[in-house]
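Thanks for making time. I'll put the structure up and then go through a few parts of it.

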Amino acid sequence: MAPATKSLRSYQSRRDFRATPEPKGRRVTCKKKLPVFVIQKHAARQLHYDLRLEIDGVLVSWALPKGPSLNPRQRRLAVRTENHPLEYAKFEGIIPEGQYGAGTVMVWDIGTYKNISERNGRTITARTALKNGEIKFTLKGKKLEGNFVLIRTDYGDKKGEQWLLIKMKDEQASARRNPVNTQKKSALTNRTMTQIKRDTTRKE
Ligand code: MN
């Protein structure tokens with residue numbers, strides 16, 4: 001079952017906030033002009049990237065096993081996961097052993113996005129686009145820019161909805177550039193995964 005757009009219940013029920021440094025979060029109404037996006041690199045049991053888009057005061061989330069691609073011909077699997085609180089966009093650190101999603105988390109890219117979803121030639125909200133299963137958006141991050149589309153391909157079962165993240169053809173599309181491999185440091189602190197792990201462990 002996919003989480004309801006506005007709910008953080010699934011996120012909170014999976015975590016013990018006495019044991020994990022992740023934010024507990026609450027839904028907030030944001031008056032900024034552009035909503036935020038973040039892509040976190042997450043060295044959990046399996047290394048993956050988490051794409052999160054701010055919609056209605058929470059971060060609607062997808063896990064990308066291979067991360068994003070700038071090549072419009074590479075469709076990247078994106079499995080919908082539980083909504084995260086807005087504060088999570090700047091969470092970088094370690095989720096302790098034994099906790100949900102244990103492992104190092106890096107803010108790999110962060111910025112704002114613009115919803116450009118349409119239906120029958122008319123602009124629709126990100127919320128409606130999410131429900132329809134096709135969201136188009138323009139990213140303005142530190143690493144990624146330009147238009148992307150997320151398309152739902154399957155409602156999934158217990159594994160969650162399956163979507164595809166695809167780069168749309170524009171000036172930022174590239175079959176050669178591969179930021180996942182060439183820009184490996186944090187967009188927030190310029191640290192590597194190893195440095196984040198070392199710094200966090202040292203503090204404890
Ligand atoms: Mn994750």
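Leaving aside its neighbours within four places in sequence, which residues is Leu 51 in contact with? This is a predicted model, so please hear everything that follows as computed from it. The list for Leu 51 is Phe 37, Val 38, Ile 39, Val 60, Ser 61, Trp 62, Leu 64, Phe 137, Leu 150 and Leu 165. There is also another core that lies apart, made of 13 residues, including Val 36, Val 38, Ile 95 and Val 107.

Leu 51 itself belongs to the largest nonpolar core, which has 31 residues. The members that touch the most others there are Leu 51, Leu 53, Trp 62, Tyr 113, Phe 137 and Leu 150. As background, nonpolar side chains in soluble globular proteins tend to be buried together.

Phe 137 takes us to strand S9, residues 134-141. Which side chains of S9 are buried, and which are not? They alternate: Ile 135, Phe 137, Leu 139 and Gly 141 point to one face and are buried. Glu 134, Lys 136, Thr 138 and Lys 140 point to the other face and are not buried.

Now the partners of S9. Strand S10, residues 145-154, runs antiparallel to S9, with seven bridges joining the two. The connection from S9 to S10 is a hairpin of three residues. Within that pairing, Phe 137 stands opposite Phe 148 of S10. S9 also pairs with strand S6, residues 103-115, again in the antiparallel sense, over five bridges. Here Lys 114 stands opposite Thr 138 of S9.

Asn 115 is also in S6. Its side chain makes a polar contact with the side chain of Ser 117, at 2.7 Å. A polar atom of the Asn 115 side chain also lies 2.8 Å from the backbone oxygen of Ile 124. Beyond its neighbours within four places in sequence, Asn 115 is in contact with Ile 124, Thr 125, Ala 126, Ile 135, Lys 136 and Phe 137.

Last, the metal. Which protein atoms are the donors of the manganese ion? They are ND1 of His 42, NE2 of His 48 and OD of Asp 50, at 2.2 to 2.3 Å from the ion. Along the chain, these donors follow the spacing H-x5-H-x1-D. Are the two histidines buried or exposed? The cut-off for buried is under 20% relative accessible area. His 42 is at 9%, so it counts as buried. His 48 has 15%, and therefore is buried as well.

Methods. Residues are numbered from 1 along each chain as its sequence is written. This is a predicted model: local features need pLDDT of at least 70, side-chain atom pairs count only at pLDDT 80 or more; totals for chains, interfaces and linings use all residues. Side-chain values use heavy atoms; hydrogens and water are left out. A nonpolar core is a set of buried Ala, Val, Leu, Ile, Met, Phe, Trp, Tyr and Cys residues joined through side-chain atoms within 4.5 Å. Buried means under 20% relative accessible area, exposed over 50%, partly exposed in between (1.4 Å probe, protein chains only). Contact means heavy atoms within 4.5 Å. Helices (H or I, at least four residues) and strands (E, at least two) are DSSP runs, numbered from the N terminus. Two strands pair if DSSP finds at least two bridges between them. A polar contact is a pair of N or O atoms within 3.5 Å; within protein, one must be able to donate a hydrogen and the other to accept it, and residues adjacent in sequence count only if both atoms are side-chain atoms. Donors are N, O and S atoms within 2.8 Å of the metal (3.2 Å for Na, K and Ca); water is not among the atoms, so sites may look incomplete.
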